[in-house]
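Hi,

Here is the model I promised to pass on. Have a look at it first, and then read my notes underneath.

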Amino acid sequence: MKNLFSKLIGLFNEIAPSQGQYSWFDRLRVSLGVGFTILVITLMNRLWGDMTQDENMVTAVFGVSALCIFLFPDSKFFAPLVVIEANLLASCIAFICVYIFPWVSIGIPFAVIGTLVGMYLLGCIHPPAVFLSIFIVMAGTNGYDFALHPVLADSIVLALASLLNQILMKRAAG
């Protein structure tokens, strides 16, 4: 049994890419950066909105965006303007799908396809935006004011976090 277990571990180590080693600076930067960004988003949503179920679901998507922003600070997928453009695009396409399709199971694939095609056409690929469109369709959110708050407001917080993270990384390197 022990031999089988060690062979399985060996197999998993061969097929799984190495995560690499992170410095303590990077560990703190990512952990505190993501935590603080989500704190700002939730506090802002609490003050501005009423923290409906829809807003809570969107906060989960923005948590993924925040993690990616801090893990991959040099990626063009998580640049400040890309985050705003892609999230607004995804929310608008999702709203259209909610209006057009009576069933969530049909609206979700069209929202995903529309979001991806739109991001390719606009040159603003941001992978978590696809999940944003899914959540909006799942929630059945059909108010365009939702695009302003929480989507635009939270995306601006993410964009500022991305910008500040890039500045911090340049200062730490130089």
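A word on terms before the tour: I call a residue buried under 20% relative accessible area, exposed over 50%, and partly exposed in between (1.4 Å probe, protein chains only). This is a predicted model, in which local features need pLDDT of at least 70 and side-chain atom pairs count only at pLDDT 80 or more, while totals for chains, interfaces and linings use all residues. Residues are numbered from 1 along each chain as its sequence is written, and side-chain values use heavy atoms, with hydrogens and water left out.

**Confidence and overall layout**

pLDDT is the predictor's confidence in each residue, from 0 to 100. Its mean over the chain is 92, and 100% of the residues reach 70 or more. Confidence bottoms out in α1, with a mean of 81, and peaks in α5, at 98.

You'll count 7 helices and 0 strands, where helices (H or I, at least four residues) and strands (E, at least two) are DSSP runs, numbered from the N terminus. The C-alpha atoms fill a box of roughly 55 × 45 × 35 Å along the principal axes. Of the 174 residues in the chain, 39% are buried. About 10,300 Å² is exposed, and carbon and sulfur atoms supply 72% of that; these areas come from the Shrake-Rupley method with a 1.4 Å probe, and for residues only the protein chains shown count as cover.

Contact here means heavy atoms within 4.5 Å. Taking contacts between residues at least 6 apart in sequence, 80% join residues at least 24 apart.

**The N-terminal end**

Methionine 1 sits in the segment before α1 (2–15), and its relative accessible area of 82% makes it exposed. Met1 also belongs to a nonpolar surface patch, together with Leu4, Leu8, Leu11, Phe12 and Ile15, and the combined accessible area is about 690 Å². For patches, the residues must have over 30% relative accessible area and no salt bridge; like charges are joined within 9 Å, and nonpolar side chains (Val, Leu, Ile, Met, Phe, Trp, Tyr) within 5 Å.

**One salt bridge**

Side chains of opposite charge can pair when their charged atoms come close. I required a side-chain nitrogen of Lys or Arg within 4 Å of a carboxyl oxygen of Asp or Glu, and that rule gives 1 salt bridge. Aspartate 26 and arginine 29 make it, with their closest N and O atoms 3.3 Å apart. Both residues are in helix α2 (residues 24–48), 3 residues apart, which is about one turn of the helix. Arginine 29 is buried, at 9% relative accessible area.

**Aromatic rings**

A pair of aromatic rings is described by the distance of the centres and the angle of the planes. Rings of Phe, Tyr and Trp (its six-membered ring) pair if their centres lie within 6.5 Å; planes under 30 degrees apart count as stacked, over 60 as edge-to-face and the rest as tilted. The whole structure has 6 such pairs. One of them is phenylalanine 72 with phenylalanine 78, stacked at 6.2 Å centre to centre and 20° between the planes. Phenylalanine 72 is partly exposed at 43%, whereas phenylalanine 78 is buried at 6%. Phenylalanine 101 and phenylalanine 110 are stacked as well, with 4.6 Å between centres and 20° between planes. Here phenylalanine 101 comes out partly exposed at 21%, and phenylalanine 110 is partly exposed at 45%. Ring pairs also link Phe95, Tyr99, Tyr144 and Phe146 into a cluster.

**Two serines and a proline**

Which residues does serine 91 contact, leaving aside its neighbours within four places in sequence? They are Ile136, Ala147 and Val151. Serine 91 lies in helix α4 (residues 80–100) and is buried, at 0% relative accessibility.

Serine 133, in helix α6 (residues 128–139), is buried with a relative accessible area of 0%. With neighbours within four places again left out, serine 133 touches Ala90, Ala94, Ala111, Val112 and Thr115.

Proline 102 is in the loop between α4 and α5 (104–122) and is exposed, at 65%. The C-alpha atoms of proline 102 and glycine 140 are 9.8 Å apart, with those positions 38 residues apart along the chain.

Cheers
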